[in-house]
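Welcome! Here are some short exercises to work through with the structure on view, each followed by a solution in steps.

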Amino acid sequence: MTLSASTLTKQTVPILLRAQLSSRGADVANLRNNRILALVDTTLETMAYRIARGGDYQGLRKDFSVTPVAGFTPTIGTGAIFDIARSQVRFTAGGAVLTPIDSLLTLTQATLPDDQTYYAQEGTGLRFRDADGTVTFASPLTITTNFIPLLSEVPVEYHGLFLDTLAGLMSEPRPEMRAQEMSEVGRA
Amino acid sequence: MAAADYIVVAKQVISLLNAQAVTTAYPTSATDIGDDRRNADEIKEAVVESDLEARLAICETPGNGFRNLFIDSASPVLLLNVPQAGRLPERVGPVSRVEIKVNAADTVWIAGEQCPLNEVQEMIANPDAYQNTAHDAINSPLGGYYYIDEMSDFITWTGNAVRVYVATLGTIDRTTPLLRTPDAYSPFLVARSLARLYKHGDNSAFIEWYDRQARELMAMIRLGARVLPQVEPLIRQAA
């Protein structure tokens, strides 16, 4: 079997992780593939949130296609990490950008100029307000936002971060380390 | 290493018993016996039993370099009776090694890696927990693990098929006879045979002398010695 370094796979991740841990002096003799693969999803999620909340959040984004029904879409897409300040919603046809509103109350009740289409976050989805002030919006949209990738979708430039994150999860962190790490994620 | 030569061992036993025909200083064959208290059959049986004792010790001792002589590397035992749950074959001592074929289409058998039972069971039952990886898929990183319970002759594994290499005593030929203990362990065969051949009326120092040596040599076999020291003859005291 030939392994490619350009894409992370179920076969390459255990090899790369063991090499990394071994180079740090860790004992990897009992580090079995199943224990590594079982943590891949958690690693992808942890890594994706770190990127999404960090300064280089644009490095791991992709487009999601949604078509709201009656001015609402209950979800954005599988794995989407939607941050209204860091995401972009535009018409699939034409590419005009919609205007974000940070409050659902403002979207539905405030007086807003009628020449734009607005949206605000509602739960895990988005609520829209048409340019004419109605809330029956139903045009196809493209949403560019951060996301939790599949293993094969991790860009080459994030392979190191993926492995670092996975290595960190393989060993139980000390409580104070874990707390510090969580607060850093929250501040980003 | 070649197996011990029965005739050489038997002649040494006869010589140390001083039972050869009075006309020869050293026995000329395994049946060159001139002592009415001894005969060729009992010597043959003593040597064969000692050979079996040595074979058993070798097979029971992982790490003994001669154990490989009792493992049929050309014909490992393929276990296919029930997928992922096999009954270990007849053997002496622990299973030597386990090889696994991950996918049915594979032609390569990889060395199996030991793994706790619960982990093997999880890998088989829950591919979703491992990136949707079936344990027996082509190139599956989950294939190649096994759990073995020697006490209940049970093995379970991840992957398509498993085969095991086990030590067995091999053919027991009491007639020719054909020994299988390696030549390096001949001193044990001699000492143990002499201890076995003790009869009522023999000098008790005789059995004690050779029995002690046989025990010491057996301990060395159990420790995996590559070579054994020669048997020291009992120096008979002047009457």
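**Exercise 1. Find the residue that stands opposite B:Leu78, then place the pair in its sheet.**

Step 1: B:Leu78 stands opposite B:Arg163, which belongs to strand 8 of chain B. Strands here are DSSP runs of E with at least two residues, numbered from the N terminus.

Step 2: Strand 8 of chain B covers residues 161–165 and runs antiparallel to strand 1 of chain B, with three bridges joining them. Two strands pair if DSSP finds at least two bridges between them.

Step 3: In chain B, the order 1-8-3-4 describes an open sheet of four strands with antiparallel pairing. Its edge strands, pairing on one side only, are strand 1 (77–79) and strand 4 (110–111) of chain B.

A note before going on: this is a predicted model, in which local features need pLDDT of at least 70 and side-chain atom pairs count only at pLDDT 80 or more, while totals for chains, interfaces and linings use all residues. Residues are numbered from 1 along each chain as its sequence is written, and chains are lettered from A and ligands numbered from 1 in the order in which they are written.

**Exercise 2. Describe the contact between chain B and chain A.**

Step 1: Take residues as in contact if their C-beta atoms, placed from the backbone, lie within 7 Å. Then 11 residues of chain B meet 11 residues of chain A.

Step 2: The side of chain B that touches chain A has seven nonpolar, three polar and one charged residues. Ala, Val, Leu, Ile, Met, Phe, Trp, Tyr, Cys and Pro count as nonpolar, Asp, Glu, Lys and Arg as charged, and the others, Gly among them, as polar.

Step 3: For the complex, the predictor gives an ipTM of 0.75 and a pTM of 0.80.

How values were computed: Contact = placed C-beta atoms within 7 Å.
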